[in-house]
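Me: I would like a close look at one part of this protein, namely its cavities and the residues that line them. Please connect the answer to the charged side chains, and write for someone in the first year of study.

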Amino acid sequence: ELLQVERVGVEDDFFALGGHSLLATQVISRVRDAFGVELPLRALFEEPTVAGLARRIEALLGDGVGAAPPIERVGREGPLPLSFAQQRLWVVDRLEPGSAAYNMPGALRLRGGLDVAALRGSLDGLVRRHEALRTVFVEQDGAPVQVIHTAAPMALPVVDLRGVPEAEQEAGRLCAEEAVRPFDLGRGPLLRSMLVRLGGADHVLLITLHHVVSDGWSMGVLVREISALYAAYSQGEEPCLPELAVQYADYAVWQRGWLSGGVLEAQIRFWKEKLAGAPPLLDIPTDRPRAAGRSARAASHRFELPAVVSRELRALSRREGATLFMTLLAAWQALLGRYAGQEDVVVGSPIAGRSRRETEGLVGFFVNMLTLRTELEGDPTWRELVGRVREGALGAYEHQELPFEKLVEELEVERSLAHTPVFQVTFALERTTARDGLALGDLTVERFGGGAGVAKFDLDLTLQDDGETLTGALVYQAALWDAETIVRLAGHLEVLLEAMAADPTRRIREVPLLRESERLRLEGWNATAAPYPPACVHELVSAQAARTPGAAAVVFRGETLSY
C-alpha cells in the first residue's frame with residue numbers, strides 16, 4: 001500500500017523498492033495500529049524486510065512494551081489548548097503583528113472552462129471538513145486558546161481583468177500583494193482565496209493560509225480534496241470523502257497530555273546531550289554584515305543536477321544503507337563546513353510530524369524542525385560522512401516528537417536579533433509525482449508566479465526528486481548575499497555531489513570546490529606580476545622629484561613636504 005507496488009516479498013528490501021524516511025514513518029504508524037507496539041524507526045533501517053520487521057515486532061510483543069495512546073475525539077465545550085507549534089507562532093504574531101513571515105501563499109493558473117460555482121463549493125466543503133481552517137486564536141485568562149467557528153460559506157472574490165492592459169502583469173502584482181497581506185489570528189479567517197479572471201477560459205486562483213493552521217503536508221491534503229470535491233460538484237453529484245475520525249484540536253489535546261512527564265524528560269535529555277557544545281552560529285561569509293532588523297526579503301536560485309549524478313547518488317545511498325536525503329545532507333553539510341571553516345555543522349530540517357496514522361488526512365500545523373548536527377573532524381571519506389549523517393538522522397527521527405520551540409526553551413539559547421537560534425541553514429528533500437497536481441475536470445492547471453517572499457532562515461536548500469532528476473531551489477536572505485554569490489555556492493555543491501557520486505572513498509577535503517573555468521579566472525586575477533625597475537629606493541625618489549618636483553611626497557600632522 002505505501003510503496004504502491006503490486007507485491008512485496010518477505011525478503012525484499014524496503015529501500016530498494018523505493019522506501020524513504022517519510023514512508024518509513026508511515027510503516028511504523030501502521031505497525032503501531034496493527035500490533036500495539038512502538039517500533040523504533042531505526043529498526044526498519046536495520047531490518048528493511050518483512051521478515052526482519054516480524055522478528056522485531058515479536059520481540060517487542062514478548063517484552064510487553066506498549067505503544068503511545070491513540071488520539072481520541074475530545075469535547076468542544078471548554079477552552080481548547082494550542083499545540084506547542086501553534087503557541088510559538090501565536091507568540092511570534094504578538095511580538096511582530098502584521099508580519100507575513102508565516103504566510104503560505106499559492107497561485108495556480110487555470111485554463112479551460114472553469115465551473116466557478118463548483119470551485120466555491122469545493123472550498124466550502126474543505127472548510128466544513130477541517131476545523132483548523134475555521135479556527136482562530138484568542139487570549140483567555142492570560143493564555144491563548146483555540147476557538148472553532150461553525151462552518152460558513154467561504155469568500156471567493158472575483159477580480160475581472162478582461163480588457164485591462166497588461167492583465168497578466170497586473171495579476172502578478174495582485175499575487176505578490178496577496179502573498180504578504182497579514183492575517184489577524186484573533187479574528188480570522190486564516191484561509192483566503194481570490195479568483196482573477198484574465199479571459200473567458202483563463203483564470204488565476206490565489207489561495208493563502210497562515211502557517212498556524214497548515215503546513216506542507218496539508219497542502220497535499222488540500223490539493224487532493226479540492227480535486228475530489230470539484231469533480232463531484234461539477235457533475236452535480238455529492239462528494240464521498242471518508243469521514244475524519246479526529247481533528248487538529250484533538251491532536252493538540254493529545255500532544256499536551258502525552259508529551260509530559262517521563263516521555264518529555266527522555267526527549268529533552270536526548271537533545272541536550274546531542275547539542276551540548278554546538279556552535280550557536282554557522283559563520284558563513286556574507287556579502288553584507290548581519291544586522292538586527294534587516295529585511296527578510298527572500299531571493300532564490302534554481303538549478304538541476306545531471307541525471308547521471310542523480311542516479312549514482314541513489315545507488316550510493318542504497319549501498320550505504322542510507323536514504324537519498326542522508327546522502328544529500330552529507331554533501332550540503334560538507335560544503336557549509338568548508339565555507340564557514342567549521343568542523344561542527346548544525347542544520348535544520350523540516351519533518352512532517354505525522355507519526356500517527358490519525359493525522360495523515362488532516363489539514364493542520366504538524367511539521368516540526370529537526371536539528372541535525374554532524375562532526376566533520378578527521379577529514380572523513382564521503383562514505384564515512386554518510387554513515388555519520390545516517391546515525392545522527394536516525395537518532396533525531398526517534399526523538400522527533402519534541403517541538404523545536406520547546407527545545408529552544410530548554411536549551412536556554414541566547415537570543416539574537418541578527419540570526420535564528422540553534423541553526424541558520426536548513427535542508428529538505430521533497431518527492432514529486434504526476435499525481436501531486438491539482439485536477440479540476442478538463443482544466444489545465446499550472447503554477448503562476450512564484451516569488452520567494454520572506455526568508456525565515458539565512459539559507460534554505462530544497463531539493464526535489466521526481467524519481468529521475470534532482471532539481472534544487474536555494475532560497476536566501478537578499479540582505480546578506482548577492483545573487484552571483486549564491487549561484488557560485490550552488491555550483492560548488494554540484495561539484496561536491498559529483499565527486500561523492502564518482503568516488504565515495506575519497507576524503508571530503510581532497511575535493512577542490514572550483515571548476516576549471518573558476519580556477520582559470522582566479523589565476524587571471526592573481527596574475528599581478530609586473531616589470532620592476534632595477535634601481536634602489538633613493539634613486540626612484542630622485543627620478544620622481546625630477547618629474548614632479550612640486551607634488552606632495554610626505555604628509556604628517558598637517559605638514560607637507562614636496563618632492
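Reply: To describe a lining by class, Ala, Val, Leu, Ile, Met, Phe, Trp, Tyr, Cys and Pro are counted as nonpolar, Asp, Glu, Lys and Arg as charged, and the others, Gly among them, as polar. The model discussed here is predicted.

Five cavities of 30 Å³ or more are counted. The largest cavity has a volume of about 150 Å³, and 17 residues line it. Those that lie nearest its centre are Tyr251, Gln255, Phe366, Asn368 and Glu401. Two elements, α4 (84-95) and α8 (248-258), give two or more residues to this lining. The largest share comes from α8, which supplies three residues. Sorted by class, the lining of the largest cavity consists of eight nonpolar, six polar and three charged residues. Glu401, one of the residues nearest the centre, belongs to the charged class because Glu is counted there.

The second largest cavity holds about 60 Å³ of space. Its lining is made up of Leu89, Val92, Asp93, Glu96, Ser99, Ala101, Tyr102 and His210. Helix α4 appears again here, giving three residues, the largest share of this lining. The classes divide into four nonpolar, two polar and two charged residues. The two charged residues can be picked out by name: Asp93 and Glu96 are in the list, and Asp and Glu count as charged.

Charged residues also occur away from these lists, and their pairing deserves attention. Side chains of opposite charge can pair when their charged atoms come close. The structure holds 41 salt bridges. In one of them, arginine 42 pairs with glutamate 398, with 3.1 Å between the closest N and O atoms. This pair links distant parts of the chain, since arginine 42 is in helix α2 (residues 41-46) and glutamate 398 is in helix α12 (residues 382-398), 356 residues apart. Glutamate 398 is partly exposed because its relative accessibility of 29% falls between the limits of 20% and 50%.

A second salt bridge joins glutamate 410 to lysine 272, where the closest N and O atoms are 3.9 Å apart. Here too, distant parts of the chain are linked: glutamate 410 lies in helix α13 (residues 404-411) and lysine 272 in helix α9 (residues 261-274), 138 residues apart. Glutamate 410 is partly exposed at 22%, and lysine 272 is partly exposed at 39%.

Within helix α13, glutamate 409 and lysine 406 are three residues apart, about one turn of the helix. They form a salt bridge whose closest N and O atoms are 3.3 Å apart. Glutamate 409 is exposed, with a relative accessible area of 51%, whereas lysine 406 is buried at 16%. Salt bridges can also join into a network, as they do for Arg109, Arg111, Glu168, Asp202 and Glu446.

A last charged residue to consider is glutamate 178, in helix α6 (residues 167-179). Its relative accessible area is 6%, so glutamate 178 counts as buried, the limit being under 20%. A polar contact of 3.0 Å joins its side chain to that of arginine 181. Leaving aside residues up to four places away in sequence, glutamate 178 touches Asn103, Arg192, Met194, Leu206 and Thr208.

Note on methods: Residues numbered from 1 in each chain as written. Predicted model: local features only at pLDDT ≥ 70, side-chain atom pairs only at ≥ 80, totals over all residues. Heavy atoms only, no water. Helix = DSSP H or I, 4+ residues; strand = E, 2+ residues; numbered from the N terminus. Buried < 20%, exposed > 50% of the residue type's maximum accessible area, 1.4 Å probe, protein only. Polar contact = N/O pair within 3.5 Å; in protein donor to acceptor, adjacent residues only side chain to side chain. Contact = heavy atoms within 4.5 Å. 1 Å grid on protein atoms, 1.4 Å probe; cavity = no way out; pocket = protein on both sides within 12 Å on 5 of 7 lines; lining within 4 Å. Points joined across faces, edges and corners; volume = space filled by probe spheres on them. Salt bridge = Lys/Arg side-chain N within 4 Å of Asp/Glu carboxyl O.
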